[in-house]
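Thank you for making room for me this morning. I would like to walk you through one structure, and I will try to go slowly enough that everyone can follow along on the screen.

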Amino acid sequence: MDFSKLFSLEGKVALITGGSRGIGKMILEGYLAAGCARVYITARKREQIAETVAEFEAQYPGKVIGLPGDLSQMEDLKRLVAELSARESKLDILVNNAGAAWGAEFDQFPEAGWDKVMDLNVKSLFFLTQQLHGLLKAAGSFQAPAKVINIASIDGMRPNPWETYSYQASKAAVIHLTKRLAARLIKDNIVVSGIGPGAFPSEMNKAAARNPEGSAKGIPYKRVGVAEDMAGGAIYLASRAGDYVVGTTIPIDGGIVNGWVPEVFQDASGGH
């Protein structure tokens with residue numbers, strides 16, 4: 001066993017949706033450090049993409065390429081696929097990370113808050129994977145499969161106390177869709193898996209970003225996630241180390257989703 005190659009992404013080409021900030025940017029940084037030849041990132045805001053590309057240019061010249069677009073719109077989604085196909089003959093790694101959330105009281109929750117979230121979090125994930133099937137299939141082999149990694153959430157694994165109805169439903173859908181896509185695409189040497197992030201500082205999780213100490217109180221590990229936590233999981237699934245993880249969504253959350261509270265167990269077991 002060659003440990004140096006077990007977690008290596010040397011020479012790989014990746015696409016990370018929503019890769020200009022937050023969790024997507026954490027994964028981008030990890031993939032560059034693990035040796036990716038090129039990482040394409042997409043997001044709606046051109047200025048954010050430009051800032052992220054510029055941030056990594058000095059250390060990783062030419063390795064981060066921005067392709068702006070709104071993936072909730074099929075026209076933009078197809079344009080992205082066309083641009084990527086014009087540049088690359090294969091795609092080793094697709095990270096479906098782009099997402100949106102919406103919160104409103106039950107009696108006031110609007111149709112727009114349902115459609116926006118479902119279109120981006122679920123619909124675009126499926127159709128982008130479908131449209132990139134050819135490039136992924138070209139990259140994959142039995143010995144070295146291509147990878148699709150869907151970013152879900154622990155909110156799809158258990159309810160949270162906030163009235164984010166469409167978001168929680170969409171992330172549960174992503175987890176189930178990951179299983180279904182995995183069953184189909186493994187036939188083409190494409191391994192599909194997922195990550196369920198917990199509290200990571202991001203534009204979407206403003207509480208963890210602005211008040212990490214407060215957010216940490218409800219986490220068994222007693223801290224919010226950092227870039228290395230997310231990058232480590234994403235590298236594992238994208239590399240040779242994760243080839244046999246098919247259809248599973250791994251929570252990276254400091255213990256939240258499994259409800260492990262050390263104090264409870266200590267009280268119940270006499271301190272053991």
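Let me begin with strand β2, which covers residues 38–42, in what I should say at once is a predicted model. Four of the five residues of this strand are buried, so β2 is largely enclosed by the rest of the structure. If you are wondering what counts as buried here, the cut-off is a relative accessible area under 20%.

Which strands, then, are joined to β2 by bridges? On one hand there is strand β1, residues 13–17, which runs parallel to β2 and is joined to it by five bridges. To find this pairing on your screen, look for I16, whose bridge partner in β2 is I41. Between these two strands the chain passes through helix α2, residues 22–33, and the β-α-β crossover that results is right-handed.

On the other hand there is strand β3, residues 64–66, which is also parallel to β2 and is connected to it by three bridges. Here the pair to look for is V39, which stands opposite V64 in β3. The way from β2 to β3 leads through helix α3, residues 46–57, and this β-α-β crossover, too, is right-handed.

For those who are new to this, it may help to recall that strands of a sheet pair through backbone hydrogen bonds, and that they do so either parallel or antiparallel.

With that in mind, let us step back to the whole sheet, which is open, has seven strands in the order β3-β2-β1-β4-β5-β6-β7, and shows parallel pairing. Why do β3 and β7 have one side without a neighbour in the sheet? These two strands, the latter being residues 249–252, stand at the edges with a single partner strand each, and therefore one side of each is left free of a neighbour. Going from one strand to the next, the twist averages 20°.

Further along the same order we come to β4, residues 93–96, and β5, residues 146–151, which run parallel and are joined by four bridges. In this pairing, L94 stands opposite V148 in β5.

Now I would like to turn to a few places in the loops. G11 sits in the loop between α1 (3–6) and β1, and with a relative accessibility of 44% it is partly exposed. Although G11 and A37 are 26 residues apart in sequence, their C-alpha atoms are 4.6 Å apart in space.

Two other loop residues deserve a careful look at their backbone angles. N189, in the loop between α7 (165–185) and β6 (190–197), has a phi near 60°, which is a positive value in a residue other than glycine. N189 is partly exposed, at 24% relative accessibility. K222, which lies in the loop between α9 (212–216) and α10, likewise has a positive phi without being a glycine, in this case near 70°. Its relative accessibility is 47%, so K222 counts as partly exposed.

Finally, which residues form a nonpolar patch on the surface? They are F3, F7 and Y236, and together they have about 310 Å² of accessible area. Y236 belongs to helix α10, residues 227–238, and is itself partly exposed, with a relative accessible area of 30%.

Terms used: Residues are numbered from 1 along each chain as its sequence is written. This is a predicted model: local features need pLDDT of at least 70, side-chain atom pairs count only at pLDDT 80 or more; totals for chains, interfaces and linings use all residues. Side-chain values use heavy atoms; hydrogens and water are left out. Buried means under 20% relative accessible area, exposed over 50%, partly exposed in between (1.4 Å probe, protein chains only). Two strands pair if DSSP finds at least two bridges between them. A crossover is right-handed if, with the strands pointing away from the viewer, the path from the first strand over the helix to the second runs clockwise. Patches are made of residues with over 30% relative accessible area and no salt bridge: like charges are joined within 9 Å, nonpolar side chains (Val, Leu, Ile, Met, Phe, Trp, Tyr) within 5 Å. Accessible areas come from the Shrake-Rupley method with a 1.4 Å probe; for residues, only the protein chains shown count as cover. A salt bridge is a side-chain nitrogen of Lys or Arg within 4 Å of a carboxyl oxygen of Asp or Glu. Axes are lines fitted to C-alpha atoms, for helices over the stretch in contact, and angles run from 0 to 180 degrees between N-to-C directions.
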